[in-house]
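Colleague: Could you take me closely through one part of this model, the pocket and the helix packing beside it? I would like a connected account rather than a list.

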Amino acid sequence: MEISGIISAVVIGIVIGVLGRLVVPGRQHIGILWTIVVGIVAAFIGSAIAGALGVADTKGPDWIEWLIQIALAAVGVAALDRSRGARR
């Protein structure tokens, strides 16, 4: 993977993390840095899942891939929030 691909993955991960956080109802008790990390991880995993399902490269916007990534980010944000809340 080239440096431009990594940079774009990080930028997309930030957007995915923020969208995933918006999908989760209520207030999350995690910082923006954790949201970004969850988004980046969700973007990479979501791309792999979309590739395995054969929906990663379509004509036009890859809506299914985006939905998979956002859903994974929402699950990740909720899980991290719940695990951090259990420690308090």
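Modeller: The largest pocket in this predicted model has a volume of about 180 Å³. Its lining is made up of 12 residues, and those that lie nearest the centre of the pocket are Ile12, Ala43, Ser47, Glu65 and Gln69. The elements that each give two or more residues to this lining are α1, α2 and α3, the last of these spanning 63–87, and α1 gives the most, with 4 residues. Sorted by class, the lining of the largest pocket holds 6 nonpolar, 4 polar and 2 charged residues.

Turning to the helix pair, α1 covers residues 3–23 and α2 covers residues 32–53, and the two pack at an angle of about 110° with their axes 7 Å apart. As angles of 65 to 115 degrees count as roughly perpendicular, α1 and α2 are therefore roughly perpendicular to each other, and their crossing is right-handed. On the α1 side the contact is formed by Ala9, Val10, Ile12, Gly13, Ile14, Ile16, Gly17, Val18 and Arg21, which meet Ile32, Thr35, Ile36, Gly39, Ile40, Ala42, Ala43 and Phe44 of α2. The residues of this contact divide into 12 nonpolar, 4 polar and 1 charged. Ile12 and Ala43 link the two descriptions, since they take part in the contact of α1 with α2 and are also among the residues nearest the centre of the largest pocket.

Key
Residues numbered from 1 in each chain as written. Predicted model: local features only at pLDDT ≥ 70, side-chain atom pairs only at ≥ 80, totals over all residues. Heavy atoms only, no water. Axes fitted to C-alpha atoms, helices over the stretch in contact; angles between N-to-C directions. Parallel < 35°, antiparallel > 145°, perpendicular 65-115°, else oblique. Left-handed = near helix turned anticlockwise from the far one by under 90°. Contact = heavy atoms within 4.5 Å. Nonpolar A, V, L, I, M, F, W, Y, C, P; charged D, E, K, R; others polar. 1 Å grid on protein atoms, 1.4 Å probe; cavity = no way out; pocket = protein on both sides within 12 Å on 5 of 7 lines; lining within 4 Å. Points joined across faces, edges and corners; volume = space filled by probe spheres on them.
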